[in-house]
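Please open the model in your viewer with the sequence panel beside it, and keep a selection tool at hand. The tour below moves from one selection to the next and says what is there each time.

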Amino acid sequence: MEKFQLTLLFKIIGLGSASGLIYQDNTIFAIGDNSSYLYEYHIDSNKLERHALAENSEENIPKSIKPDFEAITKYQDSLYLFGSGSTVNRTIMVQVDAKSKSVIKSQDLSDLYLAMQSFGKIAEEDFNLEGAIFNGETWFLFNRGNGKTNKNVVFTIDGKNLANEFRIVANEYKLPKIKGIRTSFTDAILVDDKIYFLATAENTDSTYNDGEVLGSIVGRIDLKKMKIDFTKKITDTQKFEGITLFKKSEKEIEFLLCEDNDTEVLESNIYKLVISK
């Protein structure tokens with residue numbers, strides 16, 4: 001799996017700092033880490049809708065108080081949005097009905113996040129969730145290792161709920177470097193029995209402050225073994241923070257990626273990544 005193609009597909013005007021996306025039926029559901037809206041973009045009509053996730057939802061929320069939604073996943077008719085946990089006010093998970101786009105529940109996951117830090121041996125200041133997968137039985141949550149200790153960890157979580165009855169397994173990964181800087185998880189998606197992930201090299205040792213972007217990779221983890229079996233650098237300059245399945249065939253698999261530009265400009269580029277099997 002060496003060949004890939006990366007092309008700019010279109011731009012979404014009105015969505016800034018895109019941090020995750022889900023593709024379904026020619027529609028993209030997306031989140032921005034500066035916003036408390038769920039975005040729904042209709043590709044055919046180029047129409048963007050905003051769905052409030054809380055009272056008094058806002059865009060371009062100040063960094064010190066934003067909920068920092070960095071991960072989104074879908075199972076059946078529900079979308080699940082996760083705060084990064086990188087500060088005490090970023091611990092909320094919101095479940096949204098994918099049909100009505102109404103909030104089903106908003107849940108504080110502080111206890112879960114503290115347990116994950118303990119199981120993963122991650123210091124509070126190095127905890128930063130950037131990806132989520134749910135298959136109906138098991139959750140996979142991805143800690144981005146852009147803190148001082150470079151803790152790239154995949155948490156496998158089972159149990160009746162994420163608030164107070166769960167079991168955790170933590171697997172740590174040493175991801176490749178770009179220009180001497182370790183890449184760190186920025187998103188992931190489950191396709192069949194493989195996890196495809198994005199990781200970015202950013203010249204910072206802080207989960208809070210941004211740094212110079214040095215490039216991004218795509219990789220794959222075998223779900224049964226929880227071992228990485230493939231990585232490939234796909235850019236020297238861009239910070240990709242969201243991945244979703246677009247199409248697949250016997251010969252290749254296509255993903256849509258969103259790019260976080262780390263600015264207050266309300267526009268986001270959506271790229272297509274094609275990987276040969």
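Exposure is used here with fixed cut-offs: a residue is buried under 20% relative accessible area, exposed over 50% and partly exposed in between, with a 1.4 Å probe and protein chains only. The model is a predicted one, in which local features need pLDDT of at least 70 and side-chain atom pairs count only at pLDDT 80 or more, while totals for chains, interfaces and linings use all residues. Residues are numbered from 1 along each chain as its sequence is written, and side-chain values use heavy atoms, with hydrogens and water left out.

**First stop: the sheet that holds strand 1**

Strands here are DSSP runs of E with at least two residues, numbered from the N terminus, and two of them pair if DSSP finds at least two bridges between them. Select strands 1, 22, 21 and 20, which in that order form an open sheet with antiparallel pairing. Strand 1 (4–13) and strand 20 (240–248) are the edges, each with a single partner strand, so one side of each is left without a neighbour in the sheet. From one strand to the next the twist averages 25 degrees, where axes are lines fitted to C-alpha atoms and angles run from 0 to 180 degrees between N-to-C directions.

Within this sheet, strand 21 (residues 252–259) and strand 22 (residues 267–276) run antiparallel and are joined by seven bridges; to see one facing pair, pick isoleucine 253, which stands opposite isoleucine 275 in strand 22.

**Second stop: salt bridges**

A salt bridge is counted when a side-chain nitrogen of Lys or Arg lies within 4 Å of a carboxyl oxygen of Asp or Glu, and the structure holds 19 of them. Stay with the same strands and select glutamate 267 and lysine 11, whose closest N and O atoms are 3.7 Å apart in a salt bridge. Glutamate 267 lies in strand 22 and lysine 11 in strand 1, so the pair ties together parts that are 256 residues apart in sequence. Glutamate 267 is partly exposed at 30% relative accessible area, and lysine 11 is partly exposed at 37%.

Next select lysine 248 and aspartate 192, a salt bridge with its closest N and O atoms 3.0 Å apart. Lysine 248 belongs to strand 20 and aspartate 192 to the loop between strand 16 (184–191) and strand 17, so this pair ties together parts that are 56 residues apart in sequence. Lysine 248 is partly exposed, with a relative accessible area of 44%, whereas aspartate 192 is exposed at 59%.

Are the partners aspartate 33 and lysine 66 buried or exposed? Aspartate 33 counts as buried at 6% relative accessibility, and lysine 66 is buried at 7%; their side chains meet in a salt bridge of 3.7 Å, N to O. To close this stop, select Glu130, Arg144, Glu202, Lys239 and Glu241, which are linked in a network of salt bridges.

**Third stop: strand 18 and its partners**

Select strand 18 (residues 212–222), where nine of the 11 residues are buried, so this strand is largely enclosed by the rest of the structure. Strand 17 (residues 194–203) runs antiparallel to strand 18 and is joined to it by 10 bridges, with tyrosine 196 standing opposite arginine 220. Strand 18 also pairs in the antiparallel sense with strand 19 (residues 227–235) over seven bridges, and here aspartate 222 stands opposite lysine 227. The hairpin of strands 18 and 19 has four residues between the strands, and in it methionine 226 takes a positive phi near 55 degrees.

**Fourth stop: the sheet 6-7-8-9**

Four strands in the order 6-7-8-9 form an open sheet with antiparallel pairing. Strand 6 (69–75) and strand 9 (103–108) stand at the edges with a single partner strand each, so one side of each has no neighbour in the sheet. The twist here averages 15 degrees from one strand to the next. Strand 8 (residues 92–97) is joined to strand 9 by five bridges and the two run antiparallel; valine 96 stands opposite valine 103 in strand 9.
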